[in-house]
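Colleague: I would like to learn how to read a ligand site and a sheet from a model. Please take me through one case.

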Amino acid sequence: MLATLTVQDNAYEVALENFDLAANALDLDDSVRAMIKYPERVLEVSVPVRMDTGKIVRYQGYRVQHSTKRGPAKGGIRFHPNVTVDEVKALATWMTWKCAVVNIPFGGGKGGITCSPKEMSLGELERMTRRYTSAILPLIGPQQDIPAPDVYTTPQIMAWIMDTYSMTKGYPISGVVTGKPICLGGSLGRNEATGRGVYYTIVSSCEKLGISLKGSRAVVQGFGNAGSVAAHLLDSNQAYVVGASDSRGCVYNKLGLDIPKLMMFKEQTGTVVGFPGAEAISPAELLALDCEILVPAALENTITAENAHRVRAKIIAEAANGPVTPAADRVLNERGVFLIPDILCNAGGVTVSYFEWVQDEQHLFWDAQDVYSRLERVMKTAFEEVYNIRQEHKVDMRLAANMLGVGRVADATRLRGLYP
Ligand code: NAD
């Protein structure tokens, strides 16, 4: 447990360090820094759950609102054994800058429960989700704070959150949460939004770097929601996805994995391990594969000072939040690797969450093509804005993205002023 806490503590340290770098580059004054750097609210909740055996187990839950300067707090809920308050604070902080980078009218929030969802029955998960929702209920709402899915949380879990909130208020309120099933006010395209956004930023990067996507090789670490969709789009657009992994292991085929079949295999067996026609390799070997594009799409701190020098990719697309540590950033920068930072790369998810919330509020729903074309426009605009800051200020892409996000939040904060 202690070892886990140390790793998670680092994620928040990383978030603060990245903020300081951006604030320094923007020459932000101390008053504005003081108002935007730290979370506005941190809520810790006890979540007692009656297990199928009849025993009651207590889980620890959190909801953090880092910022509501530009709009309601927005951010996912994670069910994972390593969830800590510092991890949630880090993720909430990144959400603030991310929403500002893609210029949607939201602040940043995040939630989580320290639990092992894979070891729980559906009934236990439902009871835990509903109890957690009632515990954070005073903080959430369509105009206050809007949760969404994250690691190991699903549209079904979002439906339970929506139902619990609505039953408490006495009428259906679909805008309280995004990532819902379509029949409950979910948006077409939300499920694949993050991976699709990752793909758009890879396309933009290839254009800037003069790399042909067609025929290039990609590796995806973390073949879940974000990773598998990005892999599928790369594969459909004539790139070869030569390596993929999940928490149980890694698979490799130098001629390219059959991604639609791998997606089916993962759905049927729960893992990529044992996929026919692929070779098993270690996680260290996966990161060191010869390829043009590496997509870390699992968890934080997977590319570190210890393994960064072994990365051979030309482009790293951070589908996950915080997969590259600051020390690894320095190594990769020195080696000329082009990094698409998380707060830009994976912002497609929150962008379509925003579209979902807009549709819920208007009770008017868009077709999938409309969602995709709006998403492409938002992602490509944000990419250009970040890339222009990189060129103008001669900084790396991460600092450029943080400068854009932090700068927009700082502007809003100055205009609103300090209450009272
Ligand atoms: P997911 O649960 O669908 O997938 C995560 C995948 O990572 C799973 O296949 C899991 O087995 C794998 N994994 C876990 N530990 C691993 C390890 N050590 N090595 C290799 N694989 C490992 O989750 P997701 O929604 O795809 O989220 C993945 C990342 O993307 C997270 O960092 C999340 O915060 C980020 N993200 C997701 C969204 C979204 O809309 N889903 C949006 C923005 C960012």
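Colleague: Which backbone N or O atom lies 3.0 Å from an oxygen atom of the ligand?

Modeller: In this predicted model, the backbone atom belongs to Ser 247. A polar contact is counted when two N or O atoms lie within 3.5 Å. Ala 319 also has a backbone N or O atom in that range, 3.4 Å from a ligand oxygen. With Asp 150 the atom is a polar one of the side chain, 2.8 Å from an oxygen of the ligand.

Colleague: How much of the ligand's 820 Å² of accessible area does the protein cover?

Modeller: The protein covers 85% of the area that the ligand has on its own.

Colleague: Which residues come nearest to the ligand?

Modeller: The shell has 23 residues, and the nearest are Asp 150, Thr 194, Asn 225, Ala 226 and Asn 321. Sorted by class, the shell holds nine nonpolar, nine polar and five charged residues.

Colleague: Which helix and which strand each supply at least two residues of that shell?

Modeller: Helix H7, residues 225-236, and strand S7, residues 240-246, do so.

Colleague: Where does the ligand lie with respect to domain 1 and domain 2?

Modeller: Both domain 1 (40-184) and domain 2 (193-345) give residues to the shell, so the ligand lies between them.

Colleague: Now the sheet. What is the order of the seven strands?

Modeller: The order is S9-S8-S7-S6-S10-S11-S12; the sheet is open and its pairing is mixed. Strand S9 (279-281) and strand S12 (338-340) are the edges: each has a single partner strand, so one side of each has no neighbour in the sheet. From one strand to the next, the twist averages 20°.

Colleague: How many bridges join S7 to S8, and in which sense do they run?

Modeller: There are four bridges, and S7 and S8 (residues 249-252) run antiparallel. Gly 243 has Tyr 252 of S8 opposite it.

Colleague: What should I expect of side chains along a strand?

Modeller: In a regular strand they alternate between the two faces of the sheet.

Colleague: What do S1 and S2 form, and how many residues are between them?

Modeller: They form a hairpin, with five residues between the strands. S1 (residues 41-50) and S2 (residues 56-67) pair antiparallel over 10 bridges. In one of these, Val 45 is partnered by Gly 61 in S2. For the turn, look at the sign of phi: Gly 54 has a positive value of about 100°.

How values were computed
Residues numbered from 1 in each chain as written. Predicted model: local features only at pLDDT ≥ 70, side-chain atom pairs only at ≥ 80, totals over all residues. Heavy atoms only, no water. Near = heavy atom within 4 Å. Polar contact = N/O pair within 3.5 Å; in protein donor to acceptor, adjacent residues only side chain to side chain. Areas by Shrake-Rupley, 256 points an atom, 1.4 Å probe, with all protein chains shown as cover. Nonpolar A, V, L, I, M, F, W, Y, C, P; charged D, E, K, R; others polar. Domains from an automatic or database assignment. Pairing = 2+ DSSP bridges. Axes fitted to C-alpha atoms, helices over the stretch in contact; angles between N-to-C directions.
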